[in-house]
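Work through the exercises below with the sequence and the model open. Each task is followed by a solution in steps.

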Amino acid sequence: MSITIKDVAKKAGVSPSTVSRVLSNNTRISRATSQRVRDVMEELGYHPNIMAKSLVSKTTESICVILPKPAEELFLNMFFMELIRGIVTQANRSGYDVLISSGGSEQEEVAAVSRLLKGRRVDGVILLYSRKDDQVVEFLQNNHYPFVLIGRSEKYPDILSVDNDNVHAAYDATKHLISLGHERIGFVSGPPNHIVSRDRLKGYIDALEEAGLENRKEWIVEGEFLQESGYRAMSFFMSLPERPSALVVVDDLVSLGVLRGLHELGYKVPEDLCIVSFNNLSIAELSTPPVSSIDIGIYNLGYTASQALIQSIQQDGKKDGKKQFQKRHIIPHRLVMRESSIYTPPKKPSS
């Protein structure tokens, strides 16, 4: 026989309405009473009926994360796993569950989000990346559903978002290579419809132009956020009559493909080619050689996105919900220098 609120109330010596208020974190209930009720819940093994609770409170205390496509990006790129770790950690601390969803196309993503929100299964949505003319953002914005974008939207610059200054980050990565004396610097980019790819490309170009260096189209290669993209880029770069002496690579996983391609072609890093990448994943430090990388605070991106969305949901549920709060959050970045970008010629033996 299942345990009910009445059983908990009787055992705790309070009314059923008090138990309900404890479940909804009502501030009118004293800490001592709240703790006593929760202890009894644990002792009896009581679990609230979430569906019934959501009908009363008009909240599911659940949020949804939309995974990227293609799906292999999630499972092969630790960036997304670290992002989700930050999201889940903060959501759990706020008493929210996290539901994962995805789609094979933008239309399927819109359909999935629509089912979840219209069916009152989640209170809001986190988008893990930003695309140009994103249909999911369009749907959420037009229907006034709570959501947060990890990235930025060109069409809706004032939506709730968490991002890095990716233009400045790529500028810093490129300036680092320029400061080492490089004048022939290439760029391995991500998908051109992703805003992060466009922003990092802009930062790279800005740094070249400021230094009076040539921006050559053949030294810019686009691909996916996958190792294979870096591998293919190397085959192209090393076949050019005049190749770059250094590369800015859009993602650490892509840089692994760059290293593999160079190794198979018989080139060494940093002796033949210097590399600076992004995200500062553990693979950057463990690769051979260790890769210089821009640390963008991935965990903090996810944690802050979760926190901002839940604050927005809770604010919407209050009578004074018109109170303004910060809409755009920028997570700072830093360059972590390693062997891949700093070449020290071997010392000549003393005579």
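**Exercise 1. A central strand**

Which residue is the bridge partner of Val276 in β10?

Solution. The model is predicted, so local features require pLDDT of at least 70 and side-chain atom pairs count only at pLDDT 80 or more, while totals for chains, interfaces and linings use all residues. Residues are numbered from 1 along each chain as its sequence is written, and side-chain values use heavy atoms, with hydrogens and water left out.

Step 1. Fix the elements: helices (H or I, at least four residues) and strands (E, at least two) are DSSP runs, numbered from the N terminus.

Step 2. The partner of Val276 in β10 is Ser292. Strand β9 (residues 274-278) and β10 run parallel and are joined by three bridges.

Step 3. Turn to β12. Strand β12 (residues 334-336) runs antiparallel to β10, again with three bridges, and Val336 in β12 stands opposite Ser293.

Step 4. Check burial, where buried means under 20% relative accessible area, exposed over 50% and partly exposed in between (1.4 Å probe, protein chains only). Strand β10 (residues 292-295) is covered on both faces: Ser292 and Ile294 are buried on one side, Ser293 and Asp295 on the other.

**Exercise 2. Two sheets**

Give the strand order of each six-stranded open sheet and find the edges.

Solution. Step 1. Two strands pair if DSSP finds at least two bridges between them.

Step 2. One sheet has the order β2-β1-β3-β4-β5-β11, with parallel pairing. Its edges are β2 (97-101) and β11 (328-330); each has a single partner strand, so one side of each is left without a neighbour in the sheet. Neighbouring strands here are turned by 20° against each other on average, direction ignored.

Step 3. Look at individual pairs in this sheet. Strand β1 (residues 62-66) is joined to β2 by five bridges, in parallel, with Ile66 opposite Ser101 in β2. Three bridges join β3 to β4, also parallel, and Ile126 faces Val148 in β4. From β4, Phe147 and Leu149 point one way and Val148 and Ile150 the other, and all are buried.

Step 4. The other sheet has the order β7-β6-β8-β9-β10-β12, and its pairing is mixed. Strands β7 (220-221) and β12 are the edges, each pairing on one side only.

Step 5. Add the helix over this sheet. Helix α12 (residues 252-265) lies across β6 (185-188), β8 (246-249), β9 and β10, at about 155° to β9. Axes are lines fitted to C-alpha atoms, for helices over the stretch in contact, and angles run from 0 to 180 degrees between N-to-C directions.

**Exercise 3. A helix pair**

How do α1 and α2 pack, and which residues meet?

Solution. Step 1. Two packed helices are described by the angle between their axes and the distance between the axes. For helix α1 (residues 5-12) and helix α2 (residues 16-23), the angle is about 105° and the axes are 8 Å apart.

Step 2. Classify the angle: under 35 degrees is roughly parallel, over 145 roughly antiparallel, 65 to 115 roughly perpendicular and the rest oblique. The two helices, α1 and α2, are therefore roughly perpendicular.

Step 3. List the contacts (heavy atoms within 4.5 Å). Ile5, Lys6, Val8 and Ala9 in α1 meet Pro16, Val19, Ser20 and Leu23 in α2.

Step 4. Take Val8 of α1. Val8 is buried, at a relative accessible area of 0%. Leaving out residues up to four places away in sequence, Val8 touches Ile3, Val19, Val37, Val40, Met41, Leu44 and Tyr46.

**Exercise 4. A helix with one buried face**

Where do the buried residues of α8 lie around its axis?

Solution. Step 1. In helix α8 (residues 135-142), the buried residues are Val136, Val137, Phe139 and Leu140.

Step 2. Seen down the axis, they fall within an arc of 160° (taken from the directions from the helix axis to the C-beta atoms), so they line one face of α8.

Step 3. Their cover includes α7 (106-118), β3 (124-127) and β4 (147-150).
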